[in-house]
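Please open the model in a viewer and keep the sequence panel visible. The tour below proceeds by selection, with a short account of what each selection shows.

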Amino acid sequence: GVKVDTNTLYGTLYNKALEGDADCGGLLPYCYFSGEHITHFEEGRPLFARTPDSKFTLANFMRSHLFTSVGALKLVKMGLDILMDDEKVKVEKIMGHGGFFKTKGVGQKVMAAAVNAPVSVMETAGEGGAWGIALLAAYRKNKTEGESLASYLEEQVFAKEESVQIA
């Protein structure tokens, strides 16, 4: 019968994840609720596994779920590993946006660990959605002759924005 604001609930659970063990206590979720096309799961098949001696705490449970939510980015020889290892792309920083970053610092720490690069977020990071594609559309419409995407973003989009970076 307790009424809890959704933002308070998720903020509490996300922050609890920071208290979990580095290895998530041996808990292993597969977060495929709606499928993941990059790994050839066309339909959802959520799974949560643990051994009898794993540390099944709320902190580890939340930590494991946050890490699995970015798992497709980090899969060996899939996702960013292809870009970083095979294609030798150097990631200097990633700009995070969307609900994953709504709770200050938590999503950034998880993402930074997953991609092994600093993650920056702006004050409005929690209000993401299809922001990335909207930026690309704005670039295509508003860029000057010969202006690169990197230059457009740095000079037109992020020039006056304050961001917080976690490495």
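In which helix is Val157 found? Select Val157: the residue is found in helix H7, which comprises residues 149–157. The coordinates on display are those of a predicted model. With residues up to four places away in sequence not counted, Val157 touches Leu135 and Tyr152. Next, add His40 to the selection and draw the C-alpha to C-alpha distance. Val157 and His40 are separated by 35 Å in space and by 117 residues in sequence.

**The whole chain**

Clear the selection and display the protein as a cartoon. Its secondary structure comes to seven helices and five strands. Read along the sequence, these elements follow the pattern α-β-β-α-α-α-β-α-β-α-α-β. The C-alpha trace spans about 60 × 40 × 30 Å along its principal axes. The protein has 167 residues, of which 32% count as buried. Among contacts with a separation of 6 or more, 64% are between residues 24 or more positions apart.

**Strands E3 and E4**

Select residues 94–96, strand E3, together with residues 119–122, strand E4. The two strands pair in the parallel sense over three bridges. Within this pairing, Gly96 has Val121 of E4 as its bridge partner. Now extend the selection to residues 106–115, helix H5. The chain passes from E3 through H5 to E4, and this β-α-β crossover is right-handed.

Are the residues on the two faces of E4 buried or exposed? Display the side chains of the strand. Val119 and Val121 lie on one side, Ser120 and Met122 on the other, and all four are buried, so both faces of E4 are covered.

Move next to Asn116, in the loop between H5 and E4. Asn116 is not a glycine, yet its phi is positive, near 55°. This residue counts as exposed, at 68% relative accessibility.

**Helix H1 and the loop that follows**

Select Tyr10, whose place is in helix H1. Tyr10 is partly exposed, with a relative accessible area of 47%. Add Thr103 and draw the C-alpha to C-alpha distance. Tyr10 and Thr103 are 93 residues apart in sequence, while their separation in space is 7.7 Å.

Proceed to Cys24, in the loop between H1 and E1. Cys24 is another residue to inspect for its backbone: its phi is positive, about 60°, although the residue is not a glycine. At 9% relative accessibility, Cys24 counts as buried.

**Salt bridges**

How many salt bridges does the structure hold? There are two. Side chains of opposite charge can pair when their charged atoms come close.

For one of these pairs, select Lys16 and Glu19. Their side chains meet in a salt bridge, at 2.9 Å from N to O. Glu19 is exposed, with a relative accessible area of 53%, whereas Lys16 is partly exposed, at 29%.

For the other pair, select Asp21 and Lys55, whose side chains meet at 3.8 Å, N to O. Asp21 lies in the loop between helix H1 (6–17) and strand E1 (28–30), and Lys55 in the loop between strand E2 (47–49) and helix H2 (58–69); the pair therefore ties together parts that are 34 residues apart in sequence. Asp21 is partly exposed, with a relative accessible area of 27%.

**Arg63**

Keep Asp21 in view and add Arg63, whose place is in helix H2. Which side chain of opposite charge is nearest to Arg63, and how far away is it? The nearest is Asp23, 7.2 Å away. A salt bridge requires a nitrogen-to-oxygen approach within 4 Å, so this pair does not qualify. Arg63 is buried and has no salt bridge.

What does the side chain of Arg63 reach on Asp21? It reaches the backbone oxygen of Asp21, at 2.9 Å. To complete the picture, display the surroundings of Arg63. Leaving aside neighbours within four places in sequence, Arg63 is in contact with Ala17, Leu18, Gly20, Asp21, Ala22 and Cys24. Asp21 thus appears twice on this tour: its side chain meets that of Lys55 in a salt bridge, and its backbone oxygen is reached by the side chain of Arg63. Cys24, the buried loop residue with positive phi, is also among the contacts of Arg63.

Note on methods: Residues numbered from 1 in each chain as written. Predicted model: local features only at pLDDT ≥ 70, side-chain atom pairs only at ≥ 80, totals over all residues. Heavy atoms only, no water. Buried < 20%, exposed > 50% of the residue type's maximum accessible area, 1.4 Å probe, protein only. Pairing = 2+ DSSP bridges. Right-handed = clockwise from strand over helix to strand, strands pointing away. Lys, Arg positive; Asp, Glu negative; His and termini not counted. Polar contact = N/O pair within 3.5 Å; in protein donor to acceptor, adjacent residues only side chain to side chain. Contact = heavy atoms within 4.5 Å.
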